[in-house]
Amino acid sequence: MTQKAVVDHVGTVVKVENGMATVRFQRTGACKSCGACLVAGDENMETTVQDTIQAAVGDQVLVEIARSGALLATVFCYVFPLAGLLLGVLIGIPLGEWWSFGLGLGLCALTFLVLKLCDTYAKARGRFAPHLIRIIEKE
């Protein structure tokens with residue numbers, strides 16, 4: 001049995017502005033580890049996507065998120081900062097406890113800065129961005 005290459009979510013458009021639609025979803029178990037959407041309360045998630053289907057506020061829409069993109073983004077956001085922290089600690093061990101602590105935090109912070117720059121580049125390319133597929137139900 002093969003898994004789909006994309007994850008489909010049904011959500012409600014809560015805002016449309018400047019060609020972008022904000023879509024609210026009910027949070028699922030997979031949402032906890034993905035990070036592709038913003039948290040909007042205890043049970044909801046929101047994401048902003050390009051409105052390619054002329055959705056209106058209140059429309060039920062199908063949103064597609066590439067599984068590989070979501071997995072890769074998760075790896076970038078969790079593994080790289082942890083690797084920076086550990087590398088800094090290991091480099092600093094011969095120099096002393098405080099150097100180890102400082103280098104660990106410094107390299108961890110540097111990876112977050114690099115990720116922020118990469119995020120800007122990835123958003124411009126649309127690689128990790130969710131896409132509106134179709135309107136399911138009009139209000």
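This section describes the confidence, nonpolar core, salt bridge and aromatic pair of a predicted model.

Confidence varies along the chain. The mean pLDDT of the protein is 79. A score of at least 70 is reached by 73% of the residues. Among the elements, H3 has the highest mean pLDDT, at 87. The lowest mean, 54, belongs to strand E3, which covers residues 38–39.

The nonpolar interior was examined next. In soluble globular proteins, nonpolar side chains tend to be buried together. Here the largest nonpolar core comprises 10 residues. Its members are Val-13, Ala-21, Val-23, Phe-25, Val-49, Ile-53, Ala-55, Val-61, Val-63 and Leu-132. Two strands, E2 (20–26) and E5 (60–66), each supply at least two residues of this core. Strand E2 gives the most, with three residues. Ala-21 belongs to this core. Beyond its neighbours within four places in sequence, Ala-21 is in contact with Val-13, Val-49 and Leu-132, among others. The contacts of Ala-21 also include Lys-15, Val-16, Thr-47, Thr-48 and Asp-51.

Charged pairs were then searched for. Side chains of opposite charge can pair when their charged atoms come close. The whole structure yields one salt bridge. Glu-46 is paired with Arg-24, and their closest N and O atoms are 2.3 Å apart. Glu-46 lies in strand E4 (residues 44–50) and Arg-24 in strand E2, so the salt bridge ties together parts that are 22 residues apart in sequence. The two partners fall into separate accessibility classes. Glu-46 has a relative accessible area of 18%, under the 20% limit, and is therefore buried. Arg-24 has a relative accessible area of 34% and is partly exposed. Strand E2 thus holds Arg-24 of the salt bridge and also supplies three residues to the largest nonpolar core.

Aromatic rings complete the survey. The structure holds one aromatic pair. It is formed by Trp-98 and Phe-101, with ring centres 6.0 Å apart. The ring planes of Trp-98 and Phe-101 stand at 85 degrees, so the pair is edge-to-face. The angle cut-off for this class is over 60 degrees. Both residues lie in helix H3 (residues 97–125). Trp-98 and Phe-101 are three residues apart, which means a separation of about one helical turn. Trp-98 counts as exposed, because its relative accessibility is 68%. Phe-101, at 47%, counts as partly exposed. The helix that carries this pair is also the element with the highest mean pLDDT.

How values were computed: Residues are numbered from 1 along each chain as its sequence is written. This is a predicted model: local features need pLDDT of at least 70, side-chain atom pairs count only at pLDDT 80 or more; totals for chains, interfaces and linings use all residues. Side-chain values use heavy atoms; hydrogens and water are left out. Rings of Phe, Tyr and Trp (its six-membered ring) pair if their centres lie within 6.5 Å; planes under 30 degrees apart count as stacked, over 60 as edge-to-face and the rest as tilted. Helices (H or I, at least four residues) and strands (E, at least two) are DSSP runs, numbered from the N terminus. Buried means under 20% relative accessible area, exposed over 50%, partly exposed in between (1.4 Å probe, protein chains only). A nonpolar core is a set of buried Ala, Val, Leu, Ile, Met, Phe, Trp, Tyr and Cys residues joined through side-chain atoms within 4.5 Å. Contact means heavy atoms within 4.5 Å. pLDDT is the predictor's confidence in each residue, from 0 to 100. A salt bridge is a side-chain nitrogen of Lys or Arg within 4 Å of a carboxyl oxygen of Asp or Glu.
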